[in-house]
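Thank you all for coming this morning. Please have the sequence and the model open in front of you, and I will go from the whole chain down to single residues.

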Amino acid sequence: MTRSPRTSRAAFDATDLARAAVFAALIAVLGLPGSFTLFGGVPITAQTLGVMLAGAVLGPAVGAASVGTLLALVAVGLPLLAGGRGGLAVFAGPTAGYLVGWLVGAVVVGLIVHLGGRRPVWWRTAAGLLIGGVLVIYAFGIPVQSAVLRLPIEQAALANLAFVPGDLVKVVVATLVVGALVRGYPRAFRRTWAPRTRVGDDAPTPIHTSA
């Protein structure tokens, strides 16, 4: 008997929680190389790549749980952000909006990548990563940065253009990783994908991938 898709379950199970913890650890590990700051105390790090992958692979709910787990650990003082930062102070600084953006961005990425319960394809994956993993994070981060630093929002937005090339590279890398998982290890997504409904989507028949 084929079980229902992951998206139809109302509550997380132990496997979901374990997967969320694994991706929270991945985001933390991506901060180990450190960071460097170009403007206003906002570091350039690889951790956004982990947020993108959490949303794309785990989906909106479990992806958000993963990011939320990391942020909760940071709030209690663990130095899990790039540069060994942690504690409540980071949620009152110029990076606070970006951290909230991580949480919302993971949800948006998951919703777009898995739109309609269909198998992820490269163009929808790239769109989800760009919208959720870049634009949404900037939409939360720039206004808070502007307010904390008391800068005109236009100046803060202009300064953030320095981050765009690196974020676009992360979108490309995450798109390739998701594509490789779809082809080589679809069980990573723990989903049953719907049949093809439009040109460009594969999976002509439902495929059960739950672990």
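Let me begin with a question: what percentage of the 211 residues of the protein chain count as buried? For this model, which is a predicted one, the figure is 44% of the 211 residues. The accessible surface of the protein chain comes to about 9,800 Å², and 73% of that surface belongs to carbon and sulfur atoms. If you follow the chain with your finger, you will count seven helices and four strands, arranged along the sequence in the pattern α-β-β-α-α-α-α-α-α-β-β. When we take the contacts with a separation of 6 or more, 66% of them are made by residues 24 or more positions apart.

Next, the inside of the protein. The largest nonpolar core has 41 residues, and those that touch the most other members are V57, V67, L70, W102, L129, V178 and F189. Two or more residues of this core come from each of helix 1, helix 2, helix 3, helix 4, helix 5 and helix 7, and it is helix 2, spanning residues 47-58, that gives the most, with eight residues. To see what this looks like around one member, please find V178, which, if we leave aside its neighbours within four places in sequence, is in contact with L53, A56, V57, P120, T125 and F189.

Let us now turn to helix 4, residues 96-113. Does its length fit what we expect, or not? At 1.5 Å a residue, its 18 residues should span 26 Å, and because the end C-alpha atoms are 26 Å apart, the two values agree. Even so, helix 4 bends by about 25° at W102, and W102 is also one of the buried residues of this helix, a list that includes G97, Y98, G101 and G105 as well.

Two of those residues, G97 and Y98, lead us to helix 5, where G141 lies. G141 counts as buried because its relative accessibility is 0%, and the cut-off for buried is under 20%. Not counting residues up to four places away in sequence, G141 touches G97 and Y98, and although G141 and G97 are 44 residues apart in sequence, their C-alpha atoms are 3.9 Å apart in space.

Finally, please go back to helix 1, which has 16 residues and reaches 23 Å from its first C-alpha to its last, close to the 22 Å expected. Its buried residues are D16, R19, A20, F23, A24, I27 and A28, and these pack against helix 2, helix 3 and helix 4. At the start of this helix, a side-chain oxygen of D13 reaches to within 3.1 Å of the backbone nitrogen of T15.

Which residue's side chain makes a polar contact with the side chain of D13? It is R190, at 2.8 Å, a residue found in the loop between helix 7 and strand 3. The side chain of R190 is also joined to that of D16 by a polar contact of 3.0 Å. You might not have guessed where R190 sits, so let me add that it counts as buried, because its relative accessibility is 5% and the cut-off is under 20%.

Conventions:
Residues numbered from 1 in each chain as written. Predicted model: local features only at pLDDT ≥ 70, side-chain atom pairs only at ≥ 80, totals over all residues. Heavy atoms only, no water. Core = buried A, V, L, I, M, F, W, Y, C linked by side-chain atoms within 4.5 Å. Buried < 20%, exposed > 50% of the residue type's maximum accessible area, 1.4 Å probe, protein only. Contact = heavy atoms within 4.5 Å. Expected span 1.5 Å × (residues − 1). Bend = angle between axes of the 7 residues up to and from the residue. Polar contact = N/O pair within 3.5 Å; in protein donor to acceptor, adjacent residues only side chain to side chain. Areas by Shrake-Rupley, 256 points an atom, 1.4 Å probe, with all protein chains shown as cover.
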